[in-house]
Amino acid sequence: MQKIKYLIFDIESVADPELVAKVHYSDQNIEPRSAVRKYRDELILASGSDFIPYTFQVPVSVAIAKIGEDFVLDDLVVLDEPHFRSHEICKGFWRGWEHYREKHRATLVSFNGRGFDLPLLELAAFRYGISIPSWFSSEQKSFDQPRNRYNTRMHLDLHDVLTNFGATRFNGGLNLAANILGKPGKMDVQGNMVQDLYDAGELSKINDYCRCDVLDTYFIFLRTMVLFGHISLEREQEVVHATKTWLSERSQIPAFAIYLQHWGDWTNPWDAS
């Protein structure tokens, strides 16, 4: 078994109806799911977006791609399948991180995970009483702690890379970065649909969407490694094409089949000249 060097992850989350009702509408006799709808309507009026702050959310999907030292995709999993229980997802993420940190010294990789995914998962650990002392490492110097923004050895946030740690805005986000490389980006499902899909019981569809976001993040990661000089462009393209074969061999998984249907190849300008 090869050494796993990187853990590329993404999460999807939904509102906690009881918490929304209790915090925002404690003086009203309102049913929790109706409270979520009311809150979303109020957010649209206030900001044009009905996205509920992460502090009111719980994870319902976490997908993780395990990447070897050679940058090749080893596996892509979703946590607590097929139950997708929030507390088990949270526990599985942090215990998995501890395992791969201790055994492989693996680095977490995300796209804007520092701004959303990890704070939500930290808050979920707080909610469920899950201890993660290695993550906080309060006894270490601040720059050695895994949570330190500039500790890219522990967590490489690709959004931070592309914005020079927030010095600029990356308009278009993950979708734009994936499309630059010819990859699908956002397809039939988008982030603002997750709450409604969850309410409709479409957990499998949410997890397929999460898998596809991880694949987009993986290809963005590979190009970032070219940018860093850790891998050549030629080798990156070999890995990309090998990944397409890997997905084809597992196309019985709906997410992979959908991703392949929308697959695009990056156009090399030197080949065209």
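When I say that a helix lies across a strand, I mean contact in the sense of heavy atoms within 4.5 Å. With that in mind, let me take you through this structure, which is a predicted model, starting with the sheet and the helix against it.

The sheet is an open one, formed by 5 strands in the order β3-β2-β1-β4-β5, and the pairing within it is mixed. At its edges are β3, residues 73-78, and β5, residues 155-157, each of which pairs on one side only. From one strand to the next, the twist averages 25°. If we look at the β3 side, we find that β2, residues 57-68, pairs with β3 in the antiparallel sense over 5 bridges, and that I64 has V77 in β3 as its bridge partner.

Now for the helix: α3, which covers residues 86-104, lies across β1 (4-15), β2 and β4 (107-110), and runs at about 25° to β2.

Let me turn, finally, to a pair of helices, α10 (residues 233-248) and α11 (residues 254-261), whose axes come within 9 Å and cross at roughly 135°. Because angles over 145 degrees would be needed for roughly antiparallel, that crossing makes α10 oblique to α11. The crossing in which α10 passes α11 is left-handed. As for the residues that meet there, α10 contributes K244, W246, L247 and S248, while α11 contributes F256, Y259 and L260. Sorted by class, this contact of α10 with α11 has 5 nonpolar residues, together with 1 polar and 1 charged.

Technical notes: Residues numbered from 1 in each chain as written. Predicted model: local features only at pLDDT ≥ 70, side-chain atom pairs only at ≥ 80, totals over all residues. Heavy atoms only, no water. Axes fitted to C-alpha atoms, helices over the stretch in contact; angles between N-to-C directions. Helix = DSSP H or I, 4+ residues; strand = E, 2+ residues; numbered from the N terminus. Parallel < 35°, antiparallel > 145°, perpendicular 65-115°, else oblique. Left-handed = near helix turned anticlockwise from the far one by under 90°. Nonpolar A, V, L, I, M, F, W, Y, C, P; charged D, E, K, R; others polar. Pairing = 2+ DSSP bridges.
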